[in-house]
Amino acid sequence: MSEDHAKFDEMYEPDGSVRSAYAGYSDWFTAQDANWLKRKHRDAETSFRKTGITFNVYGEDEAEERLIPFDMVPRVIAAAEWRKLTRGIEQRVSALNAFMHDLYHRQEIIRAGRVPERLFRHNNAWLQQMVGFTPPGGVYTHIVGIDLVRTGPNDWYVLEDNARTPSGVSYMLENRETMMGMFPELFSQVGVETVSNYPRRLAKSLAACAPEATRGKPNVAVLTPGIYNSAYFEHAFLADQMGAELVEGSDLRVVDGRVQMRTTKGYEPVDVIYRRVDDDYLDPLTFDPNSVLGIPGIMDVYRSGGVTIANAPGTGVCDDKAVYSFMPEIVEFYTGEKPLLPNVQTWRCADDDSLAYVLDNLEELVVKEVHGSGGYGMLIGPTSSKKEIAKFRKKLTANPTNYIAQPTLSLSTTPIFTRKGLTPRHVDLRPFVLVSPDGIDITPGGLTRVALKEGSLVVNSSQGGGTKDTWVLKD
Amino acid sequence: MLGRTANGLFWMFRYLERAENTARLLDAGLRMALTRDHTDAADEWRSVIVASGQKAAYEAKFDEYVGSDVWNFILRDRDNPANILSTFEQVRTNARLVRNAISTELWEAINEGWMQLRADMVRPVAQGNLGKVVADIRRAGMQAHGAMQNSILRDAGFHFARAGTLVERGDSIARILDIKYYLLLPSLSYVGSSLDKGQWDNVLRSVSGDRAYRWLHAGQIDARGIVEFLVLDERFPRSLAFCHSDLRDNLAALERIHKNEVLSTELMRKADMRMNDTTIDDVFEQGLHQFLIDFINSNSAIAAAISEDYRFVD
């Protein structure tokens, strides 16, 4: 783990020579005029503002739209490396789906004593309403984002599973568009796998999960909380690219046992809803009665086979970090194989021994809330002050089951472009995975998030991270 | 198409038209004010506020009509909820709402226009910049219309957008004419005076009709000719007759697309017949004011029927 490796840079060997995956890019880069590159660097931001690829930040004074900074140096993954990753991701995602099905049915894995009951008993995302029900096509996680980090030439780890509603795919697509617009000649020099067919693959994958009630070609719609949601741009973008309707809760109602949308011609059934609304807000009759974002009665329609909801309600169970800590057992239980992609070593603070270790080593560790996301509510020991650590220690001892801890990984770096030239920054990777009865489909690429501050390990966009175009090289 | 999307397109283009019309009014006012002395300039600025329908809001805040107060009030003052910057922001908000029903070209035209206007109006606008700001508003409008003409699928969405433009335009022209005729002149004895002529010229400018009118009427400014031009001349894209006939075509197209007969088309048909049977003599005989009020009411009844017919809201 981190102790075993010095910092690993994906572009440069320790002796400064260029690694083979980056050879093509490096040749191109060194042949460019430095001032021209600087101009391009500035142009990128203007282009993003015009396109309107922005996200809203909660808690700002005005509902300000901000850009996620884009870095114009691509993150490159060799073909052979990617093949290895996809095998590991496929294995993990099929295990996640099998686990969801089991958890909401016979719970064999708990009976077999491989994971404790508290995984669902103490899980906010667990939905009693899903017990005994199988979603159309048996698919729970139609769209998954598996967050990967790298620490060495052959050392990739899964940092997080995003099975609820992984976001960021629009950046994967727009980053590529921007790169192709800025540096078209680069793409004729280096063979890069395309990502731009992701919306088509998504539309196809969703249509393959249409419910029994569908008549004719499945009608797919993207359900958004509306224009004030931080990811609205992505919702509109995906609907646009898929040729699907972008709907809000107020456009939908249950009519004649189907979920129907109010069109200028009257009510028309929707077969598959790619929802970007959380479970809690989905159906005021079943969940939060105050929700105005959802559709009263949609859960009844869902349970009677009248509509597909993607991802299935209750899949958030898998985003829980306590579940994460059991993923090696889960993968093995359902696939009969050892996990191809390892977890980051994780201490569950629910266990007394682990808690004792974590408390003794807080200044070395990263401690996360089991239900947390977005980089909030976590402690990064090595970069925290004594005071912050003391404060966190109190929270941790008060409610240990709420936390897991991991070693502070020395994440790999790739260069970013600055006015002074290339300089290394830490990155992670979120590939996007589609699941349908036809199989698991992984688009070659993903979202690379990059910490823009020197030495920082936090790549979340809400905490000042940026993004890069991610290249999977052709063979 | 979703009813909500149709609503968004309709209002996006109503607001765009409103922003443009207000900018034209301001532009014409500025021109008039520059050609007059101090006291008369105040009258001109007052008439701009009156014509834009913001008299009460303005007078609640200011005691006198000073140019820079007036244009900043109209352009960017938060105490004026209909200021051009917020109106344009409404355009953009609606464009975001219907983002996947409009082309990238149209979205970018709106978004870039909005970015430009926001930059223009970060601070109060000085006289030296007023011309540029007004030009930027008009350019933003033209770019949006151009992008729409050349990139939008001619299906229901196009016709809803167009209907929004035409409903707003008809309403705005009728109001400007009405205010001019009944409110702007100090008394009837001014009819035909140079002040009167100037006011009419101003009306023409505020609908960008001065050039076309001069061409058709050999440069002669007279009230009757101008009213006939702005009410009945179907060739001019900012006449009531043009708005009517174009709106009629759009509603007919919507009816064809939706394959059912609806109230809005029926109301439109009746209004259109009335307009076709009207001569300029009829207008003055009936009284221009009454004619315009009837037009405004019929126009808003059609707008309400469109919203109802095509399920804009639940």
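Tutor: Two residues are in contact if their C-beta atoms, placed from the backbone, lie within 7 Å. The structure discussed here is a predicted model.

Student: How many residues of domain 1 of chain B are in contact with domain 2 of chain B?

Tutor: The domain assignment divides chain B into domain 1 (1-152) and domain 2 (154-314), and the C-alpha centres of these two domains lie 20 Å apart. On the side of domain 2 of chain B the contact involves 28 residues, and on the side of domain 1 of chain B the number is 25.

Student: Which element gives the largest share of the side of domain 1 of chain B that touches domain 2 of chain B?

Tutor: Two elements, α1 and α2 of chain B, give two or more residues to that side of domain 1. By class, the side has 15 nonpolar, five polar and five charged residues. The largest share, 17 residues, comes from α1(B).

Student: Are α1(B) and α2(B) roughly parallel or roughly antiparallel to each other?

Tutor: Helix α1 (residues 3-34) and helix α2 (residues 38-51) of chain B have axes that come within 9 Å and cross at roughly 170 degrees. Residues making this contact include Leu25(B), Leu26(B) and Gly29(B) of α1(B), together with Ala41(B), Glu44(B) and Trp45(B) of α2(B), and by class the contact has eight nonpolar, two polar and one charged residues. Angles over 145 degrees count as roughly antiparallel, and the two helices are therefore roughly antiparallel.

Student: Where does the largest nonpolar core lie with respect to the two domains of chain B?

Tutor: This core has 208 residues, and those with the most contacts inside it are Ile273(A) and Met12(B). Helix α1(B) gives the most to the core, with 16 residues. Because domain 1 (1-152) and domain 2 (154-314) of chain B both give residues to the core, it lies between them.

Student: Which residues does Met12(B) touch, not counting residues up to four places away in sequence?

Tutor: Met12(B) is one of the residues with the most contacts inside the largest nonpolar core. With residues up to four places away in sequence left out, Met12(B) touches Val91(B), Asn94(B), Ala95(B), Val98(B), Ala161(B) and Gly164(B).

Student: How many charged residues are there on the side of chain A that touches chain B?

Tutor: The contact takes 20 residues from chain B and 19 residues from chain A. Within chain A, α2 (34-51), α9 (232-242), β7 (245-247) and β9 (258-263) each supply at least two residues of the side that touches chain B. By class, that side of chain A divides into six nonpolar, five polar and, as the number asked for, eight charged.

Key:
Residues are numbered from 1 along each chain as its sequence is written. Chains are lettered from A and ligands numbered from 1 in the order in which they are written. This is a predicted model: local features need pLDDT of at least 70, side-chain atom pairs count only at pLDDT 80 or more; totals for chains, interfaces and linings use all residues. Axes are lines fitted to C-alpha atoms, for helices over the stretch in contact, and angles run from 0 to 180 degrees between N-to-C directions. Helices (H or I, at least four residues) and strands (E, at least two) are DSSP runs, numbered from the N terminus. Angles under 35 degrees count as roughly parallel, over 145 as roughly antiparallel, 65 to 115 as roughly perpendicular and the rest as oblique. Ala, Val, Leu, Ile, Met, Phe, Trp, Tyr, Cys and Pro count as nonpolar, Asp, Glu, Lys and Arg as charged, and the others, Gly among them, as polar. A nonpolar core is a set of buried Ala, Val, Leu, Ile, Met, Phe, Trp, Tyr and Cys residues joined through C-beta atoms within 7 Å. A residue is buried if 20 or more other C-beta atoms lie within 10 Å of its own, exposed if 12 or fewer, and partly exposed in between; C-beta atoms are placed from the backbone. Domain bounds come from an automatic or database domain assignment.
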